[in-house]
Amino acid sequence: MKILIIGGKGTIGKKVSVHLSKKHDIIIAGRSSGDVAVDIADSGSIKAMYGALGSIDAIVCIAGEAKWAAFDSLTEEDFYIGLRSKLMGQVNLVRIGQDYLNRGGSFTLTTGILADYPVVMTTSPAMVNGAIHSFVKAASLELKNEIRINVVSSGLVEDAVEKYEAYFPGHNPIPMKKVINGYVRSIEGKRTGEVITMYDNS
Ligand SMILES: NC(=O)c1ccc[n+]([C@@H]2O[C@H](COP(=O)([O-])OP(=O)(O)OC[C@H]3O[C@@H](n4cnc5c(N)ncnc54)[C@H](OP(=O)(O)O)[C@@H]3O)[C@@H](O)[C@H]2O)c1
C-alpha cells in the first residue's frame, strides 16, 4: 500500500512509520519534517500536498495541536488553536482527501484518552478529541468507494512519559507496540467508524 503519514516523524508517528515501512511504501508529511510539507491547520496547504502526491491507499494523521492550560485562563483564541489544528485539520484531511484515496482506502485519525478521561488543563484538547470521535462515527456512514475511517485514541504513550507524566498521576503508560497495533488494525483491517481505544485503566 502507498501510505501517507502526517506527523510521521513525531513521538508516536516515528514508531508507527518504521513499523509500517516493513510492508508498505510510506510518505511522511509535517510542517518542517518528513518528505512533504503540510500544515494541517491550513486547508490550502492540505490541497497542495494531495495534489502533489496523487492517489493514495491509506491516509494516517498522527498530528495536531490544542492548547493545554487552566480553564479560567483560556481565551476564545486559545480554543481556536485546537479547533483549527487538531479538529478541523483532521476533518479537512478527510474532506479533501476522500478524492485522493483509492477504492477501499482508509483514513486513520488520532485523538487520545482525554476524550473519555480528561485531566486538569485539558478542556480544549479533551473537547476536540470528543468531537473527532463523533465525526469519525458519522463520516463512516457517508464515505463512498468503500473508503473506511477510524480513529486511534491512546492513553499516555510510553515514549512520552517524561514529557507528560506530571499531568497523568497514576496512569499506566501504553506500550508503543500496543499503540502501533491500533494503527495497523485500522489500516490493514476491515472495520470502519471505530474509535480504537488503547487505554489501561486497570
Ligand atoms: N504523546 C502521547 O502520549 C499521546 C497520547 C495520545 C494521543 N496523542 C496525540 O497523538 C498526536 C501525536 O502526538 P505525539 O506525542 O507523537 O506528538 P509530537 O511528538 O509532537 O509529534 C507531532 C508530529 O506532528 C507534526 N505536526 C504537528 N502539527 C502539525 C501541523 N499543524 N501540520 C502538520 N504536521 C504537524 C509534527 O511535525 P512538524 O513539527 O514538522 O510539523 C510532528 O511530526 C497528537 O495529536 C497527540 O495529542 C499523544
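1. The axes of helix α2 (residues 43-53) and α3 come within 10 Å and cross at roughly 40°. That angle makes α2 and α3 oblique to each other, because only angles under 35 degrees count as roughly parallel and the roughly perpendicular range is 65 to 115. The crossing of α2 past α3 is right-handed. On the α2 side the contact is made by Ser-43, Ile-46, Lys-47, Met-49 and Tyr-50; on the α3 side it is made by Gly-89, Asn-92, Leu-93, Arg-95, Ile-96 and Gly-97. Please keep in mind throughout that this is a predicted model.

2. A second helix pair involves α3 and α4. Their axes come within 9 Å and cross at roughly 20°. The two helices are therefore roughly parallel to each other, the cut-off being under 35 degrees. As with the previous pair, the handedness can be stated: α3 passes α4 in a right-handed crossing. From α3, the residues in contact are Phe-79, Gly-82, Leu-83, Lys-86, Leu-87, Gln-90, Val-91 and Val-94. They meet Thr-123, Ser-124, Met-127, Val-128, Asn-129, Ala-131, Ile-132 and Phe-135 in α4. An α-helix has 3.6 residues a turn, so residues three or four places apart point the same way.

3. Next, α4 itself. Its 17 residues should span 24 Å at 1.5 Å a residue, and the end C-alpha atoms are 24 Å apart, which agrees. The buried residues of α4 are Ser-124, Pro-125, Ala-126, Val-128, Asn-129, Ile-132, His-133, Val-136 and Ala-139. What covers the buried residues of α4 includes α3, β5, β6 and β7. Ser-124, Val-128, Asn-129 and Ile-132 are among the α4 residues that meet α3, and these four are also on the buried list.

4. The same check can be made for α6. For its 13 residues, 1.5 Å a residue gives an expected span of 18 Å; the end C-alpha atoms are 18 Å apart, which agrees. Buried in α6 are Met-176, Val-179, Ile-180, Gly-182, Tyr-183, Val-184, Ser-186 and Ile-187. The cover over these buried residues includes β1 (2-6), α1 (11-20), β4, β5, β6 (148-154) and β7.

5. On aromatic contacts, the structure holds six aromatic pairs. In one of them, Trp-68 and Tyr-167 have ring centres 4.9 Å apart and planes at 65°, so the pair is edge-to-face. Trp-68 lies in the loop between β4 (56-61) and α3 (76-97), and Tyr-167 in the loop between α5 (161-164) and α6 (176-188), so the pair ties together parts that are 99 residues apart in sequence. Neither residue is classed as buried: Trp-68 is partly exposed at a relative accessible area of 26%, and Tyr-167 is partly exposed at 31%.

6. Another pair joins Tyr-117 and Tyr-199. The ring centres are 5.9 Å apart and the planes lie at 85°, so this pair is edge-to-face. Tyr-117 is in the loop between β5 (101-110) and α4 (123-139), while Tyr-199 is in the segment after β7 (194-198), so the pair ties together parts 82 residues apart in sequence. Tyr-117 is partly exposed, with a relative accessible area of 43%, whereas Tyr-199 is buried at 16%.

7. Ring pairs also build a cluster. Its members are Trp-68, Tyr-164, Tyr-167 and Phe-168. The edge-to-face pair of Trp-68 and Tyr-167 described in point 5 belongs here.

8. The loop between β4 and α3 also holds Ala-70. Ala-70 is partly exposed, with a relative accessible area of 29%. The C-alpha atoms of Ala-70 and Ala-48 are separated by 36 Å, with these positions 22 residues apart along the chain counted as their separation. Ala-48 falls within the residue range of α2.

9. Two backbone angles deserve a look. Met-121 is not a glycine, yet has a positive phi of about 80°. Met-121 sits in the loop between β5 and α4 and counts as partly exposed at 32% relative accessibility. Glu-146, also a residue other than glycine, has a positive phi near 60°. Glu-146 lies in the loop between α4 and β6, and is exposed, with a relative accessible area of 56%.

Methods. Residues numbered from 1 in each chain as written. Predicted model: local features only at pLDDT ≥ 70, side-chain atom pairs only at ≥ 80, totals over all residues. Heavy atoms only, no water. Phe/Tyr/Trp six-rings, centres within 6.5 Å; stacked < 30°, edge-to-face > 60°. Buried < 20%, exposed > 50% of the residue type's maximum accessible area, 1.4 Å probe, protein only. Expected span 1.5 Å × (residues − 1). Contact = heavy atoms within 4.5 Å. Axes fitted to C-alpha atoms, helices over the stretch in contact; angles between N-to-C directions. Parallel < 35°, antiparallel > 145°, perpendicular 65-115°, else oblique. Left-handed = near helix turned anticlockwise from the far one by under 90°.
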